[in-house]
Every structure is written in C-alpha cells, then in structure tokens.
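Grab a coffee and open the model in your viewer. Each exercise below gives you a task, then walks through the solution.

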Amino acid sequence: MPLKQLAELCRRTATAHATGIAARKIWEREANSGGTRKRSEMAKVSQAVNRGETLAGALETTGNYLPKLVRDLVHAGEQAGKVDQVLN
C-alpha cells in the first residue's frame, strides 16, 4: 500500500475507533472504498473481524499489504487498549 494511502487509512480508522464506531463497521466501510486491491485486502480484514479475530490478527490476513510495523503497532495498541492512539 502506498505510504500516502496508508497514512489516510490510519487516520480514518483511528478517528473511527476513537469515536466508538464498532470495528466491524469501520473495516466494512474500508472494504467498500478505494481501488480493487485495497477493497480486496480490506475485505479480508473485515471478514476476520466479523469472525471475532483481534484487529491485529485480522490485519495479518493481508500478508505484506500492510507493513509489519503497522501490524505490530496495532498488536501493541490492542494489548494496551489504545488502538486509536497507535493508528493516529
């Protein structure tokens, strides 16, 4: 994912998490916007979240589409209860 798109994704999802929007809604919305590849990868995340996986686990389903650093930060953010702050 290009850096600019990644930054925008992180900002959008951080804001949504901070306002209390349910994770399944956040990732469903992401799966319905953007280019074909982004929609495909975000659909994997959305489906995993809907199955009850953690967000970190769901992001792992995208393989290397999202950088490992982002996936690791989300994992740490979940452990600390601060996903929105980590994504921002």
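**Exercise 1. Count the salt bridges, then work out which parts of the chain one of them ties together.**

Step 1: The structure holds seven salt bridges, where a salt bridge is a side-chain nitrogen of Lys or Arg within 4 Å of a carboxyl oxygen of Asp or Glu. Some ground rules before you go on: this is a predicted model, so local features need pLDDT of at least 70 and side-chain atom pairs count only at pLDDT 80 or more, while totals for chains, interfaces and linings use all residues. Residues are numbered from 1 along each chain as its sequence is written, and side-chain values use heavy atoms, with hydrogens and water left out.

Step 2: Pick out glutamate 30 and arginine 12, whose side chains meet in a salt bridge at 2.8 Å, N to O. Glutamate 30 sits in helix H2 (residues 23–31) and arginine 12 in helix H1 (residues 3–18), so the pair ties together parts that are 18 residues apart in sequence. Helices here are DSSP runs (H or I, at least four residues), numbered from the N terminus.

Step 3: Check the cover on each partner. Glutamate 30 is buried, at 3% relative accessible area, and arginine 12 is partly exposed at 38%. The cut-offs are: buried under 20% relative accessible area, exposed over 50%, partly exposed in between (1.4 Å probe, protein chains only).

**Exercise 2. Find two salt bridges that stay inside one helix, and then a network.**

Step 1: Start with arginine 37 and glutamate 41, a salt bridge with its closest N and O atoms 3.3 Å apart. Both residues lie in helix H3, four residues apart, which is about one turn of the helix. Glutamate 41 is buried, with a relative accessible area of 5%.

Step 2: Now go to aspartate 72 and lysine 68, which form a salt bridge at 3.0 Å, N to O. These two share helix H5, again four residues apart and about one turn of the helix. Aspartate 72 comes out partly exposed at 36%, whereas lysine 68 is exposed at 52%.

Step 3: Look for shared partners. Arg12, Glu30 and Lys38 are joined into one network by salt bridges that share partners.

**Exercise 3. Describe the largest nonpolar core and say which helix gives the largest share.**

Step 1: A nonpolar core is a set of buried Ala, Val, Leu, Ile, Met, Phe, Trp, Tyr and Cys residues joined through side-chain atoms within 4.5 Å. The largest one has 22 residues, and those touching the most other members are Trp27, Met42, Val45, Leu55, Leu59, Leu66 and Val74.

Step 2: Sort by element. H1, H2, H3, H4, H5 and helix H6 (83–87) each give two or more residues to this core. The largest share, five residues, comes from H1.

Step 3: Zoom in on leucine 55. Leaving aside neighbours within four places in sequence, leucine 55 is in contact (heavy atoms within 4.5 Å) with His17, Trp27, Val45, Val49, Val74, Glu78 and Val83.

**Exercise 4. Compare two threonines: where do they sit, and what do they touch?**

Step 1: Threonine 13 is in helix H1 and counts as buried, at 1% relative accessibility. A polar atom of its side chain lies 2.9 Å from the backbone oxygen of leucine 9. Beyond four places in sequence, threonine 13 contacts Ile26, Trp27, Glu30 and Leu87.

Step 2: Threonine 62 is in the loop between H4 and H5, and threonine 62 is buried at 5%. Its contacts, with neighbours within four places left out, are Glu41 and Val45.

**Exercise 5. Place glutamate 53 and arginine 24, and list their contacts.**

Step 1: Glutamate 53 lies in the loop between helix H3 (36–50) and helix H4 (55–60). With a relative accessible area of 33%, glutamate 53 is partly exposed. Not counting residues up to four places away in sequence, glutamate 53 touches Ala48, Ala58 and Thr61.

Step 2: Arginine 24 belongs to helix H2 and is partly exposed at 44%. Leaving aside neighbours within four places, arginine 24 is in contact with Ser46, Val49 and Asn50.

Step 3: Finish with a distance. Arginine 24 and leucine 6 are 18 residues apart in sequence and 19 Å apart in space, C-alpha to C-alpha.

Definitions and conventions: A polar contact is a pair of N or O atoms within 3.5 Å; within protein, one must be able to donate a hydrogen and the other to accept it, and residues adjacent in sequence count only if both atoms are side-chain atoms.
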